[in-house]
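Biologist: Take a close look at a single part of this model for me, please, and then work outwards from there. Plain bench talk is fine, but give me the cut-offs behind the words you use.

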Amino acid sequence: MDAEHKFGVRKLEILDKSKGFIELLQQLTICDSVSDKEFEERFQEISSYGDDHLICVIEDVRSGKIIATGSVFIEKKFLRNCGKVGHIEDVVVDSAARGMQLGKKIIEFLTDHAHSMGCYKVILDCSLENKAFYEKCGYKQKEVQMVKYFI
């Protein structure tokens with residue numbers, strides 16, 4: 001991909017399912033196929049949360065494919081004077097498009113959104129392999145993630 005080609009970050013759109021959005025998520029973790037109806041219902045549900053749940057994407061306009069994505073949702077708390085915390089999730093860059101700073105663009109977009117929403121912090125979980133990447137984006141390790149799966 002040439003240096004002249006610009007990759008802008010934008011909000012997820014309903015038509016992005018046909019541009020490989022679900023297939024991109026499958027590069028991150030288990031993501032079964034999603035029917036058009038299921039996608040539309042979930043898209044509408046997430047859209048109803050307004051700026052409290054944002055999914056962003058980068059589309060390669062030449063190929064018409066979604067090549068990067070991430071999301072942030074805003075948790076409203078009683079702590080810190082009824083403060084808010086941004087939670088970044090589901091960040092993935094297409095394996096064929098890595099090394100072009102697209103992940104950094106996604107993280108900056110989501111971080112800026114959380115900040116503009118008045119969050120006092122934004123947090124995310126990542127693998128040890130991705131720790132250095134997030135440190136380059138201005139994040140630092142704090143505490144330990146715990147998880148309990150139900151499926």
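**Starting from one cysteine**

Modeller: Let's begin with Cys56, which is buried at a relative accessible area of 0%. Buried here means under 20% relative accessible area, exposed means over 50%, and partly exposed covers what is in between, using a 1.4 Å probe and protein chains only. Before going on, some ground rules: this is a predicted model, so local features need pLDDT of at least 70 and side-chain atom pairs count only at pLDDT 80 or more, while totals for chains, interfaces and linings use all residues. Residues are numbered from 1 along each chain as its sequence is written, and side-chain values use heavy atoms, with hydrogens and water left out.

Cys56 belongs to strand 2, residues 53-60. (Strands are DSSP runs of E, at least two residues, and helices are runs of H or I, at least four, both numbered from the N terminus.) Seven of the eight residues in strand 2 are buried, so the rest of the structure largely encloses this strand. What does Cys56 touch, once residues up to four places away in sequence are set aside? The list is Val9, Arg10, Lys11, Leu12, Ala68, Thr69, Gly70, Ile106, Phe109 and Leu110, where contact means heavy atoms within 4.5 Å. Arg42, by comparison, is 14 residues from Cys56 in sequence and 15 Å away in space, C-alpha to C-alpha.

Now for the strands on either side. Strand 1 pairs with strand 2 in the antiparallel sense over three bridges; two strands count as paired if DSSP finds at least two bridges between them. Cys56 itself takes part here, as the bridge partner of Lys11. Strand 2 is also joined to strand 3 (residues 65-76) by eight bridges, again running antiparallel. One of the partnerships there is Ile58 with Ala68. Four residues sit between the strands of this hairpin, and Gly64 takes a positive phi near 75 degrees.

One contact of Cys56 deserves a stop of its own: Arg10. Arg10 sits in strand 1, residues 9-11. Is this arginine buried or exposed? Arg10 counts as buried, because its relative accessibility is 19%. Its side chain makes a polar contact of 2.8 Å with that of Asp16 and another, of 2.7 Å, with that of Glu59. A polar contact is a pair of N or O atoms within 3.5 Å; within protein, one must be able to donate a hydrogen and the other to accept it, and residues adjacent in sequence count only if both atoms are side-chain atoms. Neighbours within four places aside, Arg10 is in contact with Asp16, Lys19, Ile55, Cys56, Val57, Glu59 and Ile66, so to speak a mix of partners that includes our cysteine.

Step back to the whole sheet. Strands 1 and 2 belong to an open sheet of five strands, in the order 1-2-3-4-5, with mixed pairing. Strand 1 and strand 5 (121-124) stand at the edges with a single partner strand each, so one side of each has no neighbour in the sheet. From one strand to the next, the twist averages 30 degrees. Over at strand 5, four bridges join it to strand 4 (residues 84-93), and these two run parallel. Val85 and Lys121 are bridge partners there. Helix 4 (residues 102-116) packs on the sheet and touches strand 1, strand 2, strand 3, strand 4 and strand 5. Its direction makes about 25 degrees with that of strand 3; axes are lines fitted to C-alpha atoms, for helices over the stretch in contact, and angles run from 0 to 180 degrees between N-to-C directions.

Last, the record. UniProt, in an unreviewed entry, lists residues 12-151 as "domain: N-acetyltransferase"; its positions are given in the numbering used here, feature names are shortened, and annotations may be inferred rather than shown by experiment. Across residues 12-151 the chain is 31% helix and 24% strand, with the end C-alpha atoms 27 Å apart.
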